[in-house]
Every structure is written in C-alpha cells, then in structure tokens.
Amino acid sequence: MFRVIGTCVILSLVTGKELSSVQLDIDNRLALATQSISLDALYKHVRDNPGKKFVTSIPPLLSGLGELVPFAKGSTHTQLLDLLNLKDVNEVYRAFPSAYDRFLKENKRTGTPQYFGKVYADDDEPFCKKFTAVVESFSEETGTVDFDDAKEAANDINYEIKRQGSRGFNKLISSSEIDSKGGLIFVSTYEIILKYALKLDITQPNYLLFNSENGKKFKIPAFTLKDSIKYAQVEEIDAQVFEFELQEEGLSVVVFYPNKKDDIEYVLEKLRKPKVFNQILENLEEKCLQVTLPTPNERVKADLSKSLREVRNVSDIYTPGRPQFNGVQKKCCTYVTSNLHENSISNRSVPGQLMSKNAEKCSGFYKKVKLNSPAAYFVVSRSENISPTPVISSVFYGK
C-alpha cells in the first residue's frame, strides 16, 4: 500500500493489520499527551484561581505545534516530539489527520462540530510553500497580515474569526498581541452544538438552584435527561462520574461531580495520576438516571500557549531567537508568539431531535440526580483502543 509522508510517496510493504496496529499506537500516544496536558492545565487553573470559570481546548494547540515538527531542528525538534508523545516526523504526519477525522471534522448528518485553524505571519516574511502544504494537510490554513500596523492586523484576523461557524465568534486578538518583530500567531475556533443521544425529560423545571463554593445559591438554566446513562460512584476520587452520549459518533460529555461541593481541586489532582482518567471511563456502568444539569450556552476565549507554558517546558518554541526552525519562513528566526482559541458550546436538546437506544433498558425507576454544584465538564472523543481524548476541558462554578 502507499502512504504519504510530506510531499513524498513511499511504498510501504506492510499488511493492513500491521498498519492498523501501528496507527492505533500512534493515535493512542497523542491522545495520552492531549489528556495529560488538559488535566494538568485544568488542575493548575483551579488551584491558582479558585472559583473562576475556565475552559480550554488542547487539540488545536497541539495541531499547530505539530505542523512545525517537520521544520524543527536540534533541541526544538526534541522538545516538540516529547510534548506530542511521538517518535518522529512520520508519526506526526499520521497522528494529526487521524485526530482531525475523529473529533474535529464536521459530522455532515448533525452539522456539528465545526473547526477552523489558521496560522498568521507578517506579510514581509511570507511562508515557504512546503510549510503551507503541511498546514493544509492538517486541514488548516496559512495567512499573512501587516504586523507593522497592529490595529489593522488584529482587525483582519478578527474578521476571519467572525466568519467561522455560525458567525458569532467574538474579538479573539487585540492589537497589543501583535509583535512588529515577527513571530507566528496560531488562531482557532471550535463550535459544537451538544445534541444528546438520550431522552429529554420536558416535565422537569428548566432551571437549577446552584450551590456555589462560597455558600451562595442562585438559579441557572438547566435541562434534564432521563435514560440509561453511564455512571459510577468512584471512591478513589470521591466523586460521581457521568457520561452522556452525543449523536455525533465517538463524542460524549463526561462530568466529574465531587461528592463535596468544594472538592473540585481534590478531584482534578487525583485525575492527573497515570491511567486514572482512562480506568474510570472504562468502568462506567449503565444506570437508569434522571439527571438535571446546567445548560451550556457560551463562547469562551483561551490563550492556549499560556496554559501550555504553565505546565510544560516549551521555552524554545515561544522565545525569540531560541527556536531552531528551517523552512517555515524565508527568515531563519521563526518563533511562536501565541496560540489563541475560542470555543462555542451550546445545547440543542429538544424532544424532536433526541434519539435513545438505551431507554428500553429502564423499567420505570430512575435515580434522581441534580448537578447543582461545581464540577469538571469534558467533551471527550471515545474510540475503540484509543485513550479518551478531551476535546474541551472545563470547570464550571455556576457562572
């Protein structure tokens, strides 16, 4: 069979079974890297900023940095591969298109999710053709703006961002974030409409009385799912865990709900231990539940590079004059200025849209649960023989 590596086509004399095994190993290692960075970033935020909402999305960050691997040399090359948990450039070329197909590519049946990624450079230093080809192979784009006119450059980038998805994205970058000396600016958006493959109970109130960590109570929009739902009470992390399947194949919403309302930091600290996240999701069992949970409807910006630098040693990549890249731009001193991202998360849970393949398993009794205190919420990619991959990771405090 043939496999494409960069711009070269190489004959590979391996069987389909061997290739499948190799691909699964590559996919799994990138998934584990994504999972580890996501959990570390979430934990650090909760530890350092208690009570403050946080939403991040690590896959777009890693995709952008993965595009640089074929052009990295020396310690920069090593730093990037270590970050991605991959062995060489060939694995990078195989890992990211596969990840895109699993959880970034739009599902034509449901029209969600929708992903957009683009890397910008100064128009005085355009990209080399080979780098542009690599970026396009990752289903992303390249572009240039005039860094000398920071206000106009920011306006051009924001205009492109606002055109994505349902065209509701906000201002992503300000003129102060444009460096006239150069650098690469990675921007991305991810819009997902949560369409559950579970029954909606319209007889329940459309709000929750939320209990915050500081003892205050307030009403928030909510909805109720009544179905056979994957669930576990996990003593190791002192929390209840719920998995709500979405209509998008391979995607689900996973909630880690602390048994004590002020224990979200403790739960996330436990989840960071190797294999704990995987083992918990592997051991969930279907239970007949009536679960009332907050209704997400928000657009959230994130400086992904800031999150990464707080939990990993990536100084080579983001410091002018230090990265070793060859072939990204015509100049030799390419570095990354920022990775900026915006998520759009909303519900479209109306009875006519919901389908349940599990409801017949329940005979009539449903345990009632209200998720009315701080918890960690994830949109997770679930594929057979690949570690669960957090696409969106968040902590919710009611506001």
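Me: Helices (H or I, at least four residues) and strands (E, at least two) are DSSP runs, numbered from the N terminus. So which helix does G66 lie in?

Reply: Heads-up: this is a predicted model, where local features need pLDDT of at least 70, side-chain atom pairs count only at pLDDT 80 or more, and totals for chains, interfaces and linings use all residues. Residues are numbered from 1 along each chain as its sequence is written, and side-chain values use heavy atoms, with hydrogens and water left out. As for G66, its helix is α2.

Me: Is G66 buried or exposed?

Reply: The scale runs like this: buried is under 20% relative accessible area, exposed is over 50%, and partly exposed is in between (1.4 Å probe, protein chains only). G66 has a relative accessible area of 0%, so it counts as buried.

Me: And which residues is G66 in contact with, leaving aside its neighbours within four places in sequence?

Reply: Contact means heavy atoms within 4.5 Å. One partner, F96, is 30 residues away in sequence, yet its C-alpha is 7.7 Å from that of G66. The whole set is L84, V92, F96 and F138.

Me: Zooming out, what distance separates the centres of domain 1 and domain 2?

Reply: The bounds come from an automatic or database domain assignment. Domain 1 covers 33–193 + 298–346, while domain 2 covers 194–297 + 351–396. Taken over C-alpha atoms, their centres are separated by 29 Å.

Me: How many residues does each domain bring to the contact?

Reply: Both sides of the contact get their own count. Domain 2 brings 34 residues, and domain 1 brings 33.

Me: What area do domain 1 and domain 2 bury between them?

Reply: Buried area is the accessible area (1.4 Å probe) that two parts lose on being put together, summed over both. Carbon and sulfur atoms carry 64% of what these two domains bury, and the total is about 2,900 Å².

Me: Which three residues supply more than any other three of the area that domain 1 buries against domain 2?

Reply: The trio accounts for 22% of domain 1's share. Its members are Q35, L39 and Y43.

Me: Which residue forms a salt bridge with D40?

Reply: A salt bridge is a side-chain nitrogen of Lys or Arg within 4 Å of a carboxyl oxygen of Asp or Glu. The structure holds 15 of them, with 1 counted between domain 1 and domain 2. For D40, the closest N and O atoms are 2.9 Å apart, and the partner is R272.

Me: Which element gives the most residues to the side of domain 1 that touches domain 2?

Reply: The elements giving two or more residues to that side include α2 (58–66), α4 (89–104) and α1 (16–48). With 10 residues, the top contributor is α1.

Me: Why does the salt bridge between R299 and E191 tie together parts far along the sequence, and how many residues apart are they?

Reply: The side chains of R299 and E191 meet at 3.7 Å, N to O. R299 lies in strand β12 (residues 297–303) and E191 in strand β6, so the sequence gap that the pair spans is 108 residues.

Me: Is E191 buried or exposed?

Reply: Its partner R299 counts as partly exposed, at 28% relative accessibility. E191 comes in at 8% relative accessible area, so it is buried.

Me: Which residues are linked with R29 in a network of salt bridges?

Reply: Here the bridges go beyond a single pair, forming a network. Along with R29, the linked residues are D25 and E91.
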